[in-house]
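Please open the structure in your viewer and keep the sequence panel beside it. We will go from stop to stop, with something to select at each one.

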Amino acid sequence: MPTPNKNTTDDYKLEYRPKYQTYRYLMQNRINEVLLVSSTYDSFILEEDARLSDQIFEEFHNLNLRTLPHIFRATSVNRALELLKERKFDLVITMRRLGEINPLLFADQIKAIQDIPVVLLLKNSSELQYLPAKALETSNIDHTFVWNGNPTVFVAIIKLLEDHLNVDADIITGDTRVIIVVEDSIRFYSLYLPVLYSEIMMQTQRLISEGANDYISLLQMRSRPKILLARNYEEAWEMYQKYEDHLLGMITDIRFPRNGKLEEDAGFDLVHKIRKQAPTLPIMFQSSEEKNRAESEKLQGFFANKTDHSLIQELRTFLLNYTGFGCFTFRMPDDSIVGTADNLLELRDQLSLIPLESFVYHAQNDHFSGWLAARGEFAVARQLKPRKVSEFENKEDLRQLIISSVDDILHERMGIIIDFDRQNYHPHSRFIRLRPGSLGGKGRGLAFLLFLRSSYNAGFRKEFPDVDIQIPRTVVIGTDQFDQFMRENDLYDFVTTDHDDIEINERFLQGQLPRELWDDLRFIYSDQIKPLAVRSSNIFEDSLFQPFAGVFSTYMLPNSHPDLDVRITQLISAIKLVYASTYIKLARSYAETLGISLGESSMAVVIQEVVGQEHGERYYPNFSGTAASYNYYPLGKHLQPEDRIAFAALGLGKTVVDGGLSRRFSPKRPKVNIFASIEDEIGSSQSSFFAVRLSQEEHINLDQGEYSFLESCSLQDAIEDKTLGEVADTYDPQGGRLTSGFWDEKAGAPVITFNRQLKYATFPLAAIINRVLQLGEQAMGCPVEVEFAGDFSPEKGEMSTFRLLQLRPFLEHEETMMIEDLDLPDEKLFVFSSVVSGYRSISDIQDIVYAKPEDFDLTQTVEMVDEINALNRTLVEGSSPYILIGPGRWGTCERHLGIPVVWSDINGARVIMEVDLENFQVNHSQGSHFFHNISSAGIPYFYIKHNSATDFLDWDWLESLDLISEGRYFRHVRTKKPLTVIANGKKRSGKIIKPK
């Protein structure tokens, strides 16, 4: 594995999706206020006969345009002039019959008041005979159009003027493209421009719907090509010279004025001149004389006959086949077809497959840049346009350049949330929103990870070229579906009454989800058989001070049954059970601790491919874990809080987040040895792991819940799967040493250390984690925690994978005011700890519940849960906060590491303490969801290490307190006056002061 490039800081500069951000700044100048001046009769005809307002609204709506102009009306010149003096307008449209004044003179009066465009609208072409062309040309009328009862002419007028207002700024800002229309006939461009705009709008909508969400689609409509109208040779040539580097194409008449005189072949002369500079520019000739077809084709132009009924279809053909709006058709020089591509993904595939001769043909004719420009990929199109085939001695190098450019676009597109649409769905889409509403907390975190990954793509690829860093393929069902499910199944009333967890799950499973959701899920997952994680994404999850990490449900589904209907039924059941987890006992008790109501909550559901590989009947990743950007419990003298902390394990991340044994290390300084001896390292090593069981069972077992398809595996299983070689070392009991890697159990026992990755950098695990934490902290503005998983490359030359599963803020609850941290002698302290989480003071606790050290039995930790649960319930009902003390890890999933409570078992505790016993010592909690929730809820967490030189707990004083109750495993005692708790995790100082 190459050493990561250290000098890559510049590659990680954050710019929020620059291309899509650019769309915001396009089309800044709009026609919003329009004054329509006409006689009373014309006004009546426009409104009553033509239903002008309704039809304009309908046209704008059909074209997906969101800037509908406001039309004011005046039925006399005097009233129009009054309005012009009273308010600002963007455009005046005047009709010919104004009674007392000529429209040309009226235009002069308008311009004297406001310098705005004036358009003369004629009801039909017969009115042209009353307006001499020379007079129009020299007047203050900016454009003249013929209405002919077609409401789309109003769209054309407004869009033509807006394009003229915005073209220069939009080219500078967004590199937008231009289509020049050369036509002097008022009658014809009045017919032609509305059709052209409609086609441009519809084709642009079709292209942007290939993969985007509604918001980006609306913004991207602003990047459509601008249409500029030239009415004579001089205007056309001036426009060409000004916009030649941004032209998408040209549509030109053949006969139009040149030097003030109508010239029969002006269009041919213009194109002859252009062809010397732009031999591949798509050009459409349109003429009413068929004899002009031959010359048009000689100039490599597309010809359309103005008098032909198929003119509109010819226009559509030109846009689709010549300007890049249609599919890319790969041809050989003899015009034979060798492939087609409807979208970028297909283009990428075809570029690798087509004959080199076909590729060179298209490259020579600049077809690739034009096709990409039509799709709004202006930056890449601009980079490719000046590259000449002659520059490349080896034409395959040019092919690879274009493939790489398309790959860059696809990577960027993977960095956006796609709204699901069957017509435009592609299985490579990275993040799909299946239903509207909020993404929920977890969904937002994943969306932000997707954004970070996309934004820092160049940096990741440069620093870690052999690792594919991404989020798993994700589908999110928005919160609107949850609200609909609750309403339609009458569940809101049900959850307000008291029910146990089994009753809640059963009732939710009886609920019905819409058939459309079943069908959409069947469509998406019809050919996918990788295991799926169905995860909660409540709106409260992963927020700053109420993270709810691990409180709601996650169901791992094998997704391996041969019957698709069974797989989809399992998936639907898992979605319902995730919904149900909003109201189970654990969620309710945690919400009570935070003082919030679950009635305010709403649930989205995240469906993700499980990271990993298949090993017989098991499926799991090579590694998974969590990492935090700030370490509140630094390890020894050599590591600082800023050196970060990470936990890695073989198999699914449940081992880490549920408080099991895992490899702890500093991502900044992974080679630092945190163990005092080999025995310590072995004792802290993972002894089991979780995998998805690839079962053929049809139903989720409600008794087993989230564990229905999870399997706890031994290291012997990993030996059989041959997955320990990269993550474990071999312990030789004879020599008392560890050797790198594990390949043969005859040589010794496996010890999972991840030393090959951390000490020898066979895979840049620590470097990737460190970089992700740095970027996450920078982007969120506070410490962060990430969850991750991945696989090492199975074959040489293949990419290893690192998947980002979650990002959440990790900011301890802080008090604005603290009691002064007094310097007191030890005899006045009940507890002192240098390993403490939290930053607050508490002075109203008198009750202490602790596990009796003399009766602690590691084999009875599960039985201890019921006793502490009963004690907790009594104290909560009596509104008595308490300090909880026990050996090992609270809330662990492994019973031999501590007492496996869940939050509802101890939700009355205001301070939690882990203590070592002489015969039982375990590293404290830190990477688990349990620990994260406690820290974020503002509950101080103390750890007392056995035989510490500085830290202690006064057991004798504790046992002298008044006994309230005593069970088999726990004692409940009470002080006569409140204790004082001072926790300062940043200064590594935690004290509990005895009452005076």
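The tour below begins with the whole chain and then moves to single elements and residues.

**The whole chain**

Keep in mind that this is a predicted model. Show the chain as a cartoon, and you will be looking at 34 helices and 43 strands. The chain has 996 residues, and 59% of them count as buried. Now switch to a surface view: about 41,300 Å² is exposed, with carbon and sulfur atoms supplying 48% of that area. How do the contacts spread along the sequence? Among contacts between residues at least 6 apart, 74% join residues at least 24 apart.

**A five-stranded sheet**

Next, select β7, β6, β8, β11 and β12, which form an open sheet in that order with parallel pairing. Which strands stand at the edges? They are β7 (226-230) and β12 (302-305); each has a single partner strand, so one side of each is left without a neighbour in the sheet. On average, neighbouring strands here are turned by 20° against each other, direction ignored.

Zoom in on β11, residues 283-287, where four bridges pair the strand with β12 in the parallel sense. Show the side chains of glutamine 286 and, opposite this residue in β12, alanine 304.

Now add helix α11, residues 266-275, which packs on the sheet and touches β6, β8 (247-252) and β11. The direction of α11 makes about 170° with that of β11. Then add helix α7, residues 152-174: this helix lies across β6 (178-182) and β7, and runs at about 115° to β7.

**Nonpolar cores**

For the next stop, select Leu35 and Leu193. These two have the most contacts inside the largest nonpolar core, a set of 92 residues. Colour helix α8 (residues 186-208) as well, since the helix gives this core its largest share, nine residues.

Stay with leucine 35 and display its surroundings. Leaving out residues up to four places away in sequence, leucine 35 touches Phe72, Arg73, Ala74, Ala80, Leu83, Leu84, Phe89, Leu91, Val92 and Ile93. Another core, of 70 residues, lies apart from the largest one; to find this second core, select Phe494, Leu897, Ile912 and Ile939, which are among its members.

**Two helices with a buried side**

Select helix α13, residues 311-321, and show Leu311, Leu315, Phe318 and Leu319, the buried residues of this helix. Why do they sit on the same side of α13? They cover an arc of only 95° around the axis, which puts them there.

Helix α21 (residues 479-488) offers a second example, with Thr479, Gln481, Phe482, Phe485 and Met486 buried. Their arc around the axis is only 155°, so these residues are on the same side of α21. Turn to the other side of α21 and you will find Arg487 and Glu488 exposed.

**Just past α21**

Move along to asparagine 489, in the loop between α21 and α22 (491-495). Is this residue buried or exposed? At 12% relative accessibility, asparagine 489 counts as buried. Setting aside neighbours within four places in sequence, its contacts are Arg507, Gly511 and Gln512. Click on aspartate 490 too: this residue follows α21 and has a positive phi, near 50°.

**Strand β27 and its partners**

Select β27, residues 688-693, a mostly covered strand in which five of the six residues are buried. Which strands pair with β27 in the antiparallel sense? One is β23 (residues 618-620), paired over two bridges. To look at this pairing, show arginine 618, which stands opposite arginine 693 in β27. Another is β28 (residues 710-714), which runs antiparallel to β27 and is joined by five bridges. There, alanine 691 stands opposite glutamate 711 in β28.

**Last stop: alanine 728**

Finally, select alanine 728 in strand β29, residues 728-732. With 1% relative accessibility, alanine 728 counts as buried. What touches alanine 728? Not counting residues up to four places away in sequence, the list is Gly741, Phe742, Pro750, Val751, Ile752 and Thr753. Draw a distance between the C-alpha atoms of alanine 728 and phenylalanine 742: these residues are 14 apart along the chain, and the two atoms are separated by 5.5 Å.

Note on methods
Residues numbered from 1 in each chain as written. Predicted model: local features only at pLDDT ≥ 70, side-chain atom pairs only at ≥ 80, totals over all residues. Heavy atoms only, no water. Pairing = 2+ DSSP bridges. Axes fitted to C-alpha atoms, helices over the stretch in contact; angles between N-to-C directions. Contact = heavy atoms within 4.5 Å. Core = buried A, V, L, I, M, F, W, Y, C linked by side-chain atoms within 4.5 Å. Buried < 20%, exposed > 50% of the residue type's maximum accessible area, 1.4 Å probe, protein only. Areas by Shrake-Rupley, 256 points an atom, 1.4 Å probe, with all protein chains shown as cover. Arc of directions from axis to C-beta.
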